[in-house]
Amino acid sequence: MINLFEHPLSVKEFSDIIKSLFSHPDFQDITIYGEVYSVKVGRFSYIDLGDSTEEQNKSPIIKLAFSSYLSSTIRDIHVGDIIQVRGSLSYYNRGSSITLWGQEVKILQNQLGKSLLLKQEILKRLEKEGLLNPERKRKLPKVCKRVAILTAESGAAYQDIKKTLHDRFPCSTILFPTIVQGEGARDSIYKNLLAAQREDVDCILLGRGGGSKTDLSCFDDEKIARLICASKVPVITCIGHQIDISICDRVSDLSAITPTEGASYINEPLSQVNERREELKKKAKQAYLEIVREKANRLNSYHREIEAHSPKAMITQKEKQLIQLKKTVSLRLENLLSKRNTAFTLLVKKIKQSYQNQIQRRKEELHTLLLNLKPYDPSLVKEKGYAIVLKEGVLVRGIRDLKQGDELMLTYPDGRVKIKVEEEPCQEKQQ
């Protein structure tokens with residue numbers, strides 16, 4: 001046998017000793033009872049069992065495991081029930097965990113445990129005061145420049161929160177290292193929550209990773225819940241995924257299942273901000289161009305109005321009117337001259353026709369006169385044997401124009417002859 005005082009033990013040797021102790025027959029058939037703190041049903045079902053007579057954060061926890069053949073019975077068990085389990089203890093070297101493998105399970109009290117009854121009483125008081133009213137809750141600022149984080153500094157939750165905040169939209173953070181389970185958790189959360197509210201921050205993020213009912217019992221504290229309600233800045237809680245929602249989740253302004261989800265509520269992703277910025281730039285540019293076009297059109301309208309009332313424009317307008325008037329007068333004059341010319345042509349035509357008609361009539365009249373005078377034509381008289389008697393070149397019309405001694409010229413068609421009056425002419429008496 002190994003002398004434990006003289007021979008140092010390796011971790012494996014120590015673990016094997018513990019395992020051999022739990023292999024004793026006294027640990028292979030034991031029966032215990034207590035309050036169910038958490039239930040997980042699956043291929044292998046697991047229950048966290050605590051002492052119903054102790055406060056949750058002070059009660060020891062026994063891990064119970066059950067094979068699949070007991071799954072139907074485990075599904076009837078709820079958080080807060082008092083159960084009795086018969087089974088055997090097992091020690092696992094790898095995780096250094098002690099588990100009671102249940103072979104028989106019996107529900108002693110199918111009712112809510114003392115912790116859940118206390119939780120219900122707190123919720124009733126908070127609801128009566130309107131602290132559970134959704135309308136009371138504050139909205140997160142669109143941009144949070146500084147965020148207070150209340151969680152364990154060494155926990156994975158803190159790293160997840162920082163990474164999510166940095167990846168989405170980098171902002172300043174201030175960590176308040178907080179105990180989030182076990183002894184001292186309630187006081188640590190209350191103290192740091194109060195300190196965070198005194199800082200110049202845009203929001204507070206209170207959270208941790210998942211855990212059992214016992215691990216999360218500190219978030220059902222009434223003082224912490226009331227401090228969250230009294231906060232001047234929004235409070236986000238991310239206390240882990242579980243069926244039983246904590247009181248802090250009920251009164252917080254936003255609640256998330258995981259720290260990553262809680263951090264994702266703070267600020268929108270930078271990519272979306274950039275997309276919206278580009279969209280706003282386009283809209284601003286479009287609006288600017290619209291304003292410029294409107295102003296330009298209005299300026300052109302004013303310019304045209306000014307030009308329309310300027311002396312130069314009036315002179316130009318009068319010149320245009322004068323040119324148009326000249327064209328109108330010229331056209332009218334041309335039309336008038338054309339009409340007058342047409343009328344003059346017609347009148348000339350009429351006068352010429354009238355003149356020709358008159359000439360024709362005169363010719364006809366002359367012809368008639370000639371026909372009437374023809375019998376009196378001297379040449380015809382001459383042809384009949386008559387002669388024209390001239391005295392000193394003057395026609396002798398009768399015997400009265402003659403006296404003795406006058407020299408006369410007789411003109412015949414074929415010649416002339418001079419004669420002399422030898423006797424005194426005597427005139428015949430008219431009867």
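**Exercise 1. Determine why Cys171 forms no disulfide with Cys144 in this predicted model.**

Solution. The closest cysteine sulfur to that of Cys171 belongs to Cys144, at 7.2 Å. A disulfide requires two cysteine sulfur atoms within 2.5 Å. The separation is therefore too far for a bond. Cys218 is likewise in no disulfide, since the nearest cysteine sulfur, that of Cys248, is 7.8 Å away. By this rule, the count of disulfides is zero. As a further step, consider the accessibility of Cys218: its relative value is 4%. Buried means under 20%, so Cys218 counts as buried.

**Exercise 2. Establish whether the span of helix 4 agrees or disagrees with its number of residues.**

Solution. Helix 4 comprises residues 156–168, that is, 13 residues. At 1.5 Å a residue, the expected span is 18 Å. The end C-alpha atoms are 18 Å apart, so the two values agree.

**Exercise 3. Identify which residues of helix 4 are buried and what they pack against.**

Solution. The buried residues are Ala157, Tyr158, Ile161, Thr164, Leu165 and Arg168. Because they cover an arc of only 135° around the axis, they lie on the same side of helix 4. On the other side, Ala156, Lys163 and His166 are exposed. The packing partners of the buried residues include strand 6 (146–151), strand 7 (172–177) and helix 9 (270–309).

**Exercise 4. Describe the surroundings of Lys119.**

Solution. Lys119 is located in helix 3 (residues 114–128). Its relative accessible area is 6%, so Lys119 is buried. A polar atom of its side chain lies 2.5 Å from the backbone oxygen of Ile245. Lys119 and Glu222 are 103 residues apart in sequence, yet their C-alpha atoms are 8.7 Å apart in space.

Technical notes:
Residues numbered from 1 in each chain as written. Predicted model: local features only at pLDDT ≥ 70, side-chain atom pairs only at ≥ 80, totals over all residues. Heavy atoms only, no water. Helix = DSSP H or I, 4+ residues; strand = E, 2+ residues; numbered from the N terminus. Expected span 1.5 Å × (residues − 1). Buried < 20%, exposed > 50% of the residue type's maximum accessible area, 1.4 Å probe, protein only. Arc of directions from axis to C-beta. Contact = heavy atoms within 4.5 Å. Polar contact = N/O pair within 3.5 Å; in protein donor to acceptor, adjacent residues only side chain to side chain.
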